[in-house]
Amino acid sequence: MLEWATMGSTRKIIILGAGYLAEEVADLVKAVDGLDAVAFVEVVGPENSGREKLGLPVVWIDDLAQLDRGHSLVCARGWPSERESLVGRVASLGFSFATVIHPRACVSPSARISAGAIVNAGAVVAAFASVGEHVFVNRGALIGHHTSVLDFATVGPGANVAGCATIGRGAYLGMGSIVLDNLTVGAGAVVGAGAVVTRDVPQGVQVLGIPAKIVREVRISEH
């Protein structure tokens, strides 16, 4: 079942992050009827808070607890482990997480998009696909039918995941990469830009090339 963030009255959105990706997410939120961005949350340095960005206040993460619990959060950090760490940090504060789907994305009515996920402009999520919590499906990415993208994964711009595939928790698919039918990309794996995955990718490795080959193990701190 598709979990739309736009149902009911206008939903106020707090964006976790204040960098360039956060600006893109703010633009995405603005494009969705029923959503209204109200603040950025600086998560790197407190000296960057107390100002405005795109007309919205920037607050330091330690001050997040002072904001209205009726607002919803969306996490705008690019690397999966950064999102997972940040979501874990704020989970106890009592905020809900919004699902944000750009109006120019194409999402099948039979697809399931979970809380905290972002589906950007031009993306396609096909029939019976499942997009997990806090997944970022970037511009023009394609998620094939019956494919599962697990929590905190990132699907880069123009990436193409064919049908019945599984993208593991916290995996990262680079720009323009391709994952063929019925394959699995393991948890925390990184598929380089333009790589073509023709066999299962183990967890925690980086693959590059056509066909994609393992080049090294990936440290958690890298993604």
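I began with Ile-167 and looked up its contacts: leaving aside residues up to four places away in sequence, Ile-167 touches Ser-148, Val-149, Leu-150, Ala-153, Val-161, Leu-173, Val-179 and Val-185. I note at the outset that this is a predicted model.

**Entry on the cores.** I then asked which residues touch the most other members of the largest nonpolar core. That core has 35 residues, and the ones I found in this role are Val-119, Val-125, Ile-167, Leu-173, Val-179 and Val-185. Three of these names, Leu-173, Val-179 and Val-185, were already in my list of contacts for Ile-167. I also found a second core, separate from the largest and made of 21 residues, which includes Ile-13, Ala-18, Val-29 and Leu-56. As background I wrote down that nonpolar side chains in soluble globular proteins tend to be buried together.

**Entry on the open sheet.** Next I traced a sheet of five strands, which is open, has parallel pairing, and runs in the order β9-β12-β15-β18-β21. Which strands stand at its edges? I found β9 (112-113) on one edge and β21 (184-185) on the other, each with a single partner strand, so one side of each is left without a neighbour in the sheet. Within the sheet I looked at β15 (residues 148-149) and β18 (residues 166-167), which pair in the parallel sense over two bridges. Here Ser-148 stands opposite Thr-166 of β18, and Ser-148 is also one of the residues that Ile-167 touches.

**Entry on β22, β24 and β25.** I followed β24 (residues 205-208) to its pairing with β22 (residues 190-191), which is parallel and has two bridges; in this pairing Val-191 has Val-207 as its bridge partner. With β25 (residues 213-217), β24 pairs in the antiparallel sense over four bridges, and there Val-205 is matched with Glu-217. β24 and β25 form a hairpin with four residues between the strands, and in this hairpin I noted that Gly-209 takes a positive phi near 95 degrees.

**Entry on the cysteines.** How many disulfides does the structure hold? I counted zero. For Cys-106, which is in no disulfide, I looked up the nearest cysteine sulfur and found that of Cys-164, 18 Å away, whereas a disulfide would need the two sulfur atoms within 2.5 Å. I also checked whether these side chains are covered: Cys-75 is buried, at a relative accessible area of 3%, while Cys-106, with 48% relative accessibility, counts as partly exposed.

Notes: Residues are numbered from 1 along each chain as its sequence is written. This is a predicted model: local features need pLDDT of at least 70, side-chain atom pairs count only at pLDDT 80 or more; totals for chains, interfaces and linings use all residues. Side-chain values use heavy atoms; hydrogens and water are left out. A nonpolar core is a set of buried Ala, Val, Leu, Ile, Met, Phe, Trp, Tyr and Cys residues joined through side-chain atoms within 4.5 Å. Buried means under 20% relative accessible area, exposed over 50%, partly exposed in between (1.4 Å probe, protein chains only). Contact means heavy atoms within 4.5 Å. Two strands pair if DSSP finds at least two bridges between them.
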